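Q: Please examine one part of this predicted model closely. I should like a connected account of how that part is built and what surrounds it.

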Amino acid sequence: MRLRNVTGSREAIAANEFVVHEPERLKGRWKELFGNENPIHIEIGMGKGKFLIQMAQENPDINFIGIEKYSSVLIRAVQKRSEIELNNIWLIRFDAEYINNIFAENEIEKIYL
């Protein structure tokens, strides 16, 4: 897949209310962000968010976090997320290589790749 620069994507992501901007601060405390004790599933390399958003819609009793490294791809998921009413999904622009810096042991129930 060829990545194309999307003008303004970094700024739009930085301003979006559904994107966690300092995920390291939530390590061990993600359930506080969601405001419930539901299990947390993450998708690494979520791309444009189609799978993640569909899973969140079909499973309101599960909390979802989408991780994408590239702003030019994440912006599409951010746009889709902004169009729906869900309280069980958050997005992160982050390099999953450092995932241990943002999640505590046993904090995540399932990972989708």
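**The β-α-β unit and its surroundings**

A: Strand 3, helix 4 and strand 4 form a β-α-β unit of right-handed sense. The model is a predicted one, and the description below starts from the strands of this unit.

Strand 3 (residues 63-68) runs parallel to strand 4, and 5 bridges join the two. Within this pairing, Glu68 has Arg93 of strand 4 as its bridge partner. Strand 4 also pairs with strand 1 (residues 19-20), again in the parallel sense, over 2 bridges. Here Val19 stands opposite Leu91 of strand 4. Strand 4 is mostly covered, with 4 of its 5 residues buried.

The nonpolar packing comes next. The largest nonpolar core has 19 residues, and the members that touch the most others are Phe64, Leu74, Val78, Ile89 and Leu91. Helix 3 (50-58), helix 4 (71-82) and strand 4 (89-93) each contribute at least two residues to this core. Apart from it lies another core, of 15 residues, which includes Ile42, Ile65, Ile92 and Ile102. In soluble globular proteins, nonpolar side chains tend to be buried together.

Leu74 illustrates the contacts made in this region. Beyond its neighbours within four places in sequence, Leu74 is in contact with Ile13, Met46, Gly47, Glu68, Leu91, Ile92 and Arg93. Among these partners are Glu68 and Arg93, the two residues that are bridge partners between strand 3 and strand 4.

Gln79 also belongs to helix 4. Its relative accessibility is 37%, so Gln79 counts as partly exposed. The C-alpha atom of Gln79 is separated by 14 Å from that of Phe51, and the two residues are 28 apart along the chain. Phe51 is likewise partly exposed, because its relative accessibility is 36%.

The aromatic residues complete the picture. The count of aromatic pairs comes to 2. In one of them, the ring centres of Trp30 and Phe103 are 5.2 Å apart and the planes lie at 35°, so the pair is tilted. Trp30 lies in helix 2 (residues 30-34) and Phe103 in the loop between strand 4 and strand 5 (110-112), so this pair ties together parts 73 residues apart in sequence. Trp30 and Phe103 are both buried. For Phe51 and Tyr112, the ring centres are 5.2 Å apart and the planes are at 70°, so the pair is edge-to-face. This pair links Phe51 in helix 3 with Tyr112 in strand 5, distant parts of the chain 61 residues apart. Tyr112 counts as buried, because its relative accessibility is 17%. Finally, Arg81 lies over the face of Phe18, at 3.8 Å from the ring centre.

Technical notes: Residues are numbered from 1 along each chain as its sequence is written. This is a predicted model: local features need pLDDT of at least 70, side-chain atom pairs count only at pLDDT 80 or more; totals for chains, interfaces and linings use all residues. Side-chain values use heavy atoms; hydrogens and water are left out. A nonpolar core is a set of buried Ala, Val, Leu, Ile, Met, Phe, Trp, Tyr and Cys residues joined through side-chain atoms within 4.5 Å. Buried means under 20% relative accessible area, exposed over 50%, partly exposed in between (1.4 Å probe, protein chains only). Contact means heavy atoms within 4.5 Å. Two strands pair if DSSP finds at least two bridges between them. A crossover is right-handed if, with the strands pointing away from the viewer, the path from the first strand over the helix to the second runs clockwise. Rings of Phe, Tyr and Trp (its six-membered ring) pair if their centres lie within 6.5 Å; planes under 30 degrees apart count as stacked, over 60 as edge-to-face and the rest as tilted. A charge sits over a ring if NZ of Lys or CZ of Arg is within 6 Å of the ring centre and within 35 degrees of the ring normal.
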